[in-house]
Amino acid sequence: MMKKLMSRAAAATLALALGIVTCGAGAAQAAEPAPSAHDLTVGYTVSGAKAKGYAGLVAIHAKNVGSERYYSEFPAISFRIDVKTDNGPQGVDRVITPGWFNGAYTQDLGFDEKTSTRSFMVTLSNPVEAGQDQLIANLNFGDGLTKEGRLTNYITVTQVGRLDDDKSTGNDQNVDSRQNTTTDFQNPSPGIF
């Protein structure tokens with residue numbers, strides 16, 4: 001009789017432990033949201049030799065972190081690039097030459113003297129495959145030395161044209177170069193140009 005009671009107690013303990021483990025696994029799965037079907041994120045890369053505030057290139061990438069191909073002819077998939085003054089004279093423009101890659105097109109929207117911001121619009125025409133990190137544009141900064149002192153800039157990029165089911169905005173709105181720039185070898189960069 002005692003042996004039977006011990007077996008039942010052991011079985012109950014085992015069932016309780018399995019329940020806790022199963023429950024814990026369920027909670028862990030609930031904590032990780034499923035990846036979206038369509039989601040792009042933005043990043044920047046520079047040469048390791050790029051000196052802060054001096055002439056040089058910065059590349060802008062769109063990475064597909066969703067589970068499916070990202071593509072649309074209408075609405076067009078597009079990003080607004082704002083180049084803002086980090087340090088130096090306000091309201092002073094700087095020579096910045098845009099480039100575009102992989103079917104994208106970069107349009108210069110002009111310089112707003114009041115906000116000291118030069119803006120560009122990048123429109124994609126090619127799909128970004130799931131997992132692909134696609135180079136979409138670059139900006140070639142002229143020397144930042146002006147009559148009023150050295151001018152340094154940083155960049156923010158915001159996705160403005162998106163697929164209807166792309167609801168994730170934490171990784172594509174006002175993406176600041178000062179927190180999201182690496183060198184070509186993936187080392188951190190200050191993101192100041």
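Me: R69 is found in the loop between strand 2 and strand 3; why does R69 count as partly exposed?

Reply: The relative accessibility of R69 is 44%, and the term covers what lies between buried (under 20% relative accessible area) and exposed (over 50%), with a 1.4 Å probe and protein chains only, so R69 counts as partly exposed. The strands that bound this loop are DSSP runs of E with at least two residues, numbered from the N terminus. This is a predicted model, in which local features need pLDDT of at least 70 and side-chain atom pairs count only at pLDDT 80 or more, while totals for chains, interfaces and linings use all residues. Residues are numbered from 1 along each chain as its sequence is written, and side-chain values use heavy atoms, with hydrogens and water left out.

Me: Which residues is R69 in contact with, leaving aside its neighbours within four places in sequence?

Reply: Contact requires heavy atoms within 4.5 Å, and with those neighbours set aside R69 meets this with H38, N64, P127, V128, E129 and A130. R69 and E129 lie 60 residues apart along the chain, yet their C-alpha atoms are separated by 4.4 Å.

Me: Why does T152, whose place is in strand 10, count as buried or exposed?

Reply: T152 has 10% relative accessibility and therefore counts as buried. Leaving aside neighbours within four places in sequence, its contacts include G53, K84, D86 and F193.

Me: What makes strand 5 and strand 11 edges of the sheet?

Reply: The five strands form an open antiparallel sheet in the order 5-6-3-10-11. Strand 5 (105-112) and strand 11 (175-176) each have a single partner strand, so one side of each is left without a neighbour in the sheet.

Me: How do you know that strand 3 pairs with strand 10, and how many bridges join them?

Reply: Two strands pair if DSSP finds at least two bridges between them; nine bridges join strand 3 to strand 10 (residues 152-161), so the criterion is met. F79 stands opposite Q159 in strand 10. Strand 3 (residues 78-87) is also joined to strand 6 by seven bridges, with R80 opposite M121.

Me: Which residues have the most contacts inside the largest nonpolar core?

Reply: A nonpolar core is a set of buried Ala, Val, Leu, Ile, Met, Phe, Trp, Tyr and Cys residues joined through side-chain atoms within 4.5 Å. The largest has 27 residues, and F79, I81, I136, L139 and I155 have the most contacts inside it. Strand 3 and strand 10 are among the strands that each supply at least two residues of this core.

How values were computed:
Helices (H or I, at least four residues) and strands (E, at least two) are DSSP runs, numbered from the N terminus.
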